[in-house]
Amino acid sequence: QVQLVESGGGLVQPGGSLRLSCAASGSIFSIYAMGWYRQAPGKQRELVATITSRGRINYVDSVKGRFTISRDNAKNTVYLQMNSLQPEDTAVYYCNADALPRPTMTRSDYWGQGTQVTVSS
C-alpha cells in the first residue's frame with residue numbers, strides 16, 4: 001500500500017555530482033522519517049543519511065560535508081544531493097521510509113528497489 005519511487009542514479013566521474021530523489025505514495029497517514037542506505041559489492045548495507053519529519057538529520061561520517069539530505073514533507077519526498085563523488089561511493093542506493101499506513105495504522109518500514117550509483121574514470 002506504500003510505494004517508494006526512486007530516480008537520479010547513474011554513472012559519473014570522480015568529483016562529479018548526482019541528486020537522488022525518492023517519493024512515497026499510497027495510503028499513508030504519516031511518515032516519521034525517510035532516508036538513504038547503500039550497499040557496495042562485498043559489503044554490508046549501511047546507513048547514508050536520514051531525516052525525520054521534524055528535520056532531524058543524521059549522516060554516516062564518510063559523507064559528511066559532501067552529501068546533503070533534504071525533504072519536502074508535503075510531497076512525501078526525500079532528496080540526496082551527492083557532491084565530490086568518489087569511487088568508494090559506488091553502490092546500490094536504497095530509499096527507506098518509516099511510515100504509518102492506512103488502514104492498518106501500524107508503523108512499518110518500507111524500501112525502494114534501489115538505484116545504481118557508479119563513480120568511475
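Is Asp61 buried or exposed? In this predicted model, Asp61 comes out as exposed, with 59% relative accessibility. Its salt-bridge partner is Lys64, with N and O sitting 2.9 Å apart. Lys64 counts as partly exposed, at 49% relative accessibility, just missing the exposed class because that class starts over 50%.

That pair is one of five salt bridges that turn up when the whole structure is searched. Another one links the side chains of Arg66 and Asp89, at 2.8 Å from N to O. Here the two ends sit in separate loops, Arg66 between strand S6 (57–59) and S7, and Asp89 between S8 and strand S9 (91–101), so the contact ties together parts that are 23 residues apart in sequence. Both ends are tucked away: Arg66 is buried at 12% relative accessible area, and Asp89 is buried at 1%. The pair also belongs to a wider network, in which salt bridges with shared partners join Arg66 and Asp89 with Arg38 and Glu46. Elsewhere, Asp98 pairs with Arg107, their closest N and O atoms being 2.7 Å apart; Asp98 is buried too, with 17% relative accessible area.

As for the strands, four of them make up an open, antiparallel sheet, running in the order S1-S3-S8-S7. Strand S1 (2–7) and strand S7 (67–72) take the edges, each with pairing on one side only. On average, neighbours in this sheet are turned by 15° against each other, ignoring direction. Inside the sheet, strand S3 (residues 18–26) meets strand S8 (residues 77–82) in an antiparallel pairing over six bridges. Ser21, for instance, has Tyr79 of S8 as its bridge partner.

Methods. Residues are numbered from 1 along each chain as its sequence is written. This is a predicted model: local features need pLDDT of at least 70, side-chain atom pairs count only at pLDDT 80 or more; totals for chains, interfaces and linings use all residues. Side-chain values use heavy atoms; hydrogens and water are left out. Two strands pair if DSSP finds at least two bridges between them. Helices (H or I, at least four residues) and strands (E, at least two) are DSSP runs, numbered from the N terminus. Axes are lines fitted to C-alpha atoms, for helices over the stretch in contact, and angles run from 0 to 180 degrees between N-to-C directions. A salt bridge is a side-chain nitrogen of Lys or Arg within 4 Å of a carboxyl oxygen of Asp or Glu. Buried means under 20% relative accessible area, exposed over 50%, partly exposed in between (1.4 Å probe, protein chains only).
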